[in-house]
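Please open the structure in your viewer and keep the sequence panel visible beside it. The tour below proceeds by selections, one stop after another.

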Amino acid sequence: MAHGIASQGKVTITVDEYSSNPTQAFTHYNINQSRFQPPHVHMVDPTPYDTPKPAGHTRFVCVSDTHSRTDGIQMPYGDVLLHTGDFTELGLPSEVKKFNDCHTNNPTQRAGGPAG
């Protein structure tokens with residue numbers, strides 16, 4: 001886990017002391033921060049699903065690792081859906097079809113990601 005610090009136009013990369021031991025890193029941050037979140041990562045509140053999109057903007061909806069469990073999710077409207085993790089449980093053609101059917105109901109939205 002590294003992050004950069006700007007100094008006189010140069011970036012110095014500092015390496016997290018736990019970077020060589022992922023198990024120890026998870027344990028340290030999980031215990032000390034109540035969930036795994038390195039100190040240089042800041043959580044943001046998601047935009048409510050029904051928030052109107054400003055004119056002239058492109059809205060990206062980002063989700064990951066749904067593993068075919070999207071039936072209970074109220075997906076916000078967006079121009080582009082970025083699914084950055086497995087959207088199927090087993091990678092079966094029927095799961096891919098379900099994903100495509102779910103996300104092609106909105107003709108302006110484009111979707112993609114790894115099947116898993």
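## First stop: a charged pair

Begin by selecting K53, which counts as partly exposed because its relative accessibility is 30%. Bear in mind throughout that the model is predicted.

Next, add D79 to the selection. K53 and D79 form a salt bridge, with 2.8 Å between the closest N and O atoms. This pair links distant parts of the chain: K53 lies in the loop between α1 (22–33) and β3 (60–63), D79 in the loop between β3 and β4, and 26 residues separate them. In contrast to its partner, D79 counts as buried, at 15% relative accessibility; the cut-off for buried is under 20%.

## Second stop: the other salt bridge

The structure holds two salt bridges. To view the one not yet visited, select R69 and E89, whose closest N and O atoms are 3.3 Å apart. R69 belongs to the loop between β3 and β4, and E89 to the loop between β4 and α2, so this pair ties together parts that are 20 residues apart in sequence. R69 is exposed, with a relative accessible area of 58%, while E89 counts as partly exposed at 38% relative accessibility.

## Third stop: a histidine in a strand

Now select strand β4, residues 80–83, and within this strand pick out H83. Is H83 buried or exposed? At a relative accessibility of 3%, H83 counts as buried.

Show the side chains here and add T66. The side chains of H83 and T66 are joined by a polar contact of 2.8 Å. Then display the backbone of G85: its oxygen lies 2.8 Å from a polar atom of the H83 side chain. Finally, select S64, which is 19 residues from H83 along the chain; the C-alpha atoms of S64 and H83 are separated by 5.1 Å.

## Last stop: the aromatic pair

One aromatic pair is present in the structure. Select F87 and F99: their ring centres are 3.9 Å apart and their planes stand at 20 degrees, so the pair is stacked. The pair ties together parts 12 residues apart in sequence, because F87 lies in the loop between β4 and α2 (93–103), whereas F99 is in helix α2.

How much relative accessible area does F87 have? The value is 6%, so F87 is buried. F99 likewise counts as buried, at 7% relative accessibility.

Key. Residues are numbered from 1 along each chain as its sequence is written. This is a predicted model: local features need pLDDT of at least 70, side-chain atom pairs count only at pLDDT 80 or more; totals for chains, interfaces and linings use all residues. Side-chain values use heavy atoms; hydrogens and water are left out. Helices (H or I, at least four residues) and strands (E, at least two) are DSSP runs, numbered from the N terminus. Buried means under 20% relative accessible area, exposed over 50%, partly exposed in between (1.4 Å probe, protein chains only). A polar contact is a pair of N or O atoms within 3.5 Å; within protein, one must be able to donate a hydrogen and the other to accept it, and residues adjacent in sequence count only if both atoms are side-chain atoms. Rings of Phe, Tyr and Trp (its six-membered ring) pair if their centres lie within 6.5 Å; planes under 30 degrees apart count as stacked, over 60 as edge-to-face and the rest as tilted. A salt bridge is a side-chain nitrogen of Lys or Arg within 4 Å of a carboxyl oxygen of Asp or Glu.
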